[in-house]
Amino acid sequence: MELLEYLQKGAGLSTEKAHIVDEIFDYIELPKGYQLLNEGKQSKKIFYVEKGMMRLYYLKDGKDITHDFFDETKFYAPIENIFLNQPYPYYLEMLENGTIRTADFMKVEKIMETDTALQRFSRHVLVGTIKRLAEQLYSIQFQSAQERYQLLIKRHPNILLRSSLGHIASYLGITQSTLSVIRGEKSR
């Protein structure tokens, strides 16, 4: 969904406010495999996925571990850089050819300060992010691999068509063979 449409329909901003936000976001088309961010880099950009899917991952002992997926209508910001001024610990890559909108955080923050409707929208995005992280933490601590898989399918219904089984298994904290067993049980 295009950012402007999301801002109007999904976030409930007026046409005027939606255009103000939309205008500060650049439009870029990226190929599958493109690295938007790399570990150790500094970025003050906010990302919005209009089309495609991004994967956030890190390397541990030379192994690629998926931390999260972002598909259409999702925002992502490297909080370590923006709010904590720390080196970025992840990699952010395109899993598909896609359209991404990016904006400098300072520009976004400047316009958010001027209007209560935009502040509400900003809180809406932040609360959604916190909710996703809380669900992910709960899932890791208290749910079985089967339950974590179900939550992933609920969040990203087409994930099996859009990401490799290796990326999905690493996100769930299981092996690919365990993922195959879970998927086999589901199809029975």
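Which residues are buried in helix H2 (residues 15-24)? In this predicted model, the buried positions of H2 are Ala-18, Val-21, Asp-22 and Ile-24. Because the four cover an arc of only 165° around the axis, they sit on the same side of H2. The other side of the helix carries Glu-16 and Glu-23, which are exposed. A helpful next step is to look at what lies over the buried side. The cover of these buried residues includes three helices, H1 (3-10), H4 (105-112) and H5 (116-142), together with strands S1 (26-30) and S8 (98-104).

Helix H5 comes up again when the pockets are examined. The largest pocket has a volume of about 1,100 Å³, and 38 residues form its lining. Nearest the centre of this pocket lie Phe-75, Val-125, Leu-126, Gly-128 and Thr-129. Two or more lining residues come from each of strands S5 (63-70) and S6 (75-76) and helices H3 (79-82), H4, H5 and H6 (145-155). Among these elements, H5 gives the most, with 13 residues. Sorted by class, the lining of the largest pocket holds 21 nonpolar, seven polar and 10 charged residues.

The second largest pocket encloses about 360 Å³ of space. Its lining is made up of 18 residues, and those closest to the centre are Ile-65, Ser-170, Tyr-171, Leu-172 and Gly-173. Here the elements that supply two or more lining residues are S5, H5 and helix H8 (165-172). Nine nonpolar, six polar and three charged residues make up the lining of this second pocket.

Note on methods. Residues are numbered from 1 along each chain as its sequence is written. This is a predicted model: local features need pLDDT of at least 70, side-chain atom pairs count only at pLDDT 80 or more; totals for chains, interfaces and linings use all residues. Side-chain values use heavy atoms; hydrogens and water are left out. Buried means under 20% relative accessible area, exposed over 50%, partly exposed in between (1.4 Å probe, protein chains only). The arc is that of the directions from the helix axis to the C-beta atoms. Contact means heavy atoms within 4.5 Å. On a 1 Å grid over the protein atoms alone, a cavity is a set of points where a 1.4 Å probe fits but cannot get out, and a pocket is an open set with protein on both sides within 12 Å along at least five of seven lines; lining residues have an atom within 4 Å of a point. Grid points are joined across faces, edges and corners, and a volume is the space filled by probe spheres set on the points. Ala, Val, Leu, Ile, Met, Phe, Trp, Tyr, Cys and Pro count as nonpolar, Asp, Glu, Lys and Arg as charged, and the others, Gly among them, as polar.
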